[in-house]
Amino acid sequence: CRAPLVLYNGSCAATACPPNGYYEWSSYQCRTCHASCAQCNGPGANACTLCPALHFLSPIAWEEPNGPCVLFCPTGMFAHPASRRCRKPPTAPVKTFYLRFQFRHPFQEFQK
């Protein structure tokens, strides 16, 4: 494809990769993100930059722009809905906080 077009789904019609894709420089074409990512900047589950609904980005370090998408944040972290990232709890007192519930009975048992 000639610039500014990129190869996507076999044609040179797009000028940028779709939100759920990334540009692969070695093949000069758009590739689809890993299935666990809503958006990414490369291949694999650790390249997610945005997660699907009800999932949270869990980078190794807070400063990193990418990481895996998780349903539950690791121990010592909490899910921050506004940023959709796992964060460390603040050291200073805060006005809002988030709880994590873990149910021991499947949801279907509550419907009976």
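**Note on the disulfides and side-chain contacts**

1. A search of the whole structure, which is a predicted model, finds 5 disulfides. Three of these links are described in the points that follow, and other side-chain contacts are taken up after them.

2. One disulfide joins Cys17 to Cys30, with an S to S distance of 2.1 Å. Cys17 is located in the loop between β2 (11–14) and β3 (21–24), while Cys30 belongs to strand β4 (residues 29–32), so this pair ties together parts that are 13 residues apart in sequence. The angle about the S-S bond is -95°, and the link of Cys17 and Cys30 is left-handed. The two partners may be set side by side in terms of exposure. Cys17 is partly exposed, with a relative accessible area of 22%, whereas Cys30 is buried, with a relative accessible area of 7%. The cut-off explains the two labels, because buried means under 20% relative accessible area.

3. Cys51 and Cys69 form another disulfide, in which the sulfur atoms are 2.0 Å apart. The bond connects the loop between β6 (48–50) and β7 (56–57), where Cys51 lies, with strand β8, which holds Cys69; the pair therefore ties together parts that are 18 residues apart in sequence. Because the torsion about the S-S bond of Cys51 and Cys69 is about -90°, this disulfide is left-handed. Cys51 and Cys69 are both buried.

4. A disulfide is also formed by Cys73 and Cys86, whose sulfur atoms are 2.1 Å apart. Cys73 sits in the loop between β8 and β9 and Cys86 in strand β10 (residues 85–87), so parts that are 13 residues apart in sequence are tied together by the pair. The torsion about the S-S bond of Cys73 and Cys86 is about -85°, and the disulfide is therefore left-handed. Are Cys73 and Cys86 buried or exposed? Both of these cysteines are buried.

5. The loop that contains Cys73 also contains Phe72, between β8 (69–70) and β9 (78–80). In contrast to the buried Cys73, Phe72 is exposed, with a relative accessible area of 52%. Which residues form a nonpolar patch on the surface together with Phe72? The partners are Leu54 and Leu71, and the patch of Leu54, Leu71 and Phe72 has about 360 Å² of accessible area together.

6. The count of salt bridges comes to 1. In this contact Arg31 is paired with Glu24, and the closest N and O atoms are 2.9 Å apart. The distance qualifies because a salt bridge requires the nitrogen and the carboxyl oxygen to be within 4 Å. Arg31 is partly exposed, with a relative accessible area of 32%.

7. For aromatic side chains the count comes to 1 pair. The ring centres of Tyr23 and Trp25 are 4.8 Å apart and the planes are at 80°, so the pair is edge-to-face. The label follows because planes over 60 degrees apart count as edge-to-face. As a general matter, a pair of aromatic rings is described by the distance of the centres and the angle of the planes. The two residues fall into separate classes of exposure: Tyr23 counts as partly exposed at 26% relative accessibility, and Trp25 counts as exposed at 65%.

Notes:
Residues numbered from 1 in each chain as written. Predicted model: local features only at pLDDT ≥ 70, side-chain atom pairs only at ≥ 80, totals over all residues. Heavy atoms only, no water. Patch = residues over 30% accessible without salt bridge, like charges linked within 9 Å, V, L, I, M, F, W, Y side chains within 5 Å. Areas by Shrake-Rupley, 256 points an atom, 1.4 Å probe, with all protein chains shown as cover. Salt bridge = Lys/Arg side-chain N within 4 Å of Asp/Glu carboxyl O. Helix = DSSP H or I, 4+ residues; strand = E, 2+ residues; numbered from the N terminus. Buried < 20%, exposed > 50% of the residue type's maximum accessible area, 1.4 Å probe, protein only. Disulfide = S-S within 2.5 Å. Phe/Tyr/Trp six-rings, centres within 6.5 Å; stacked < 30°, edge-to-face > 60°.
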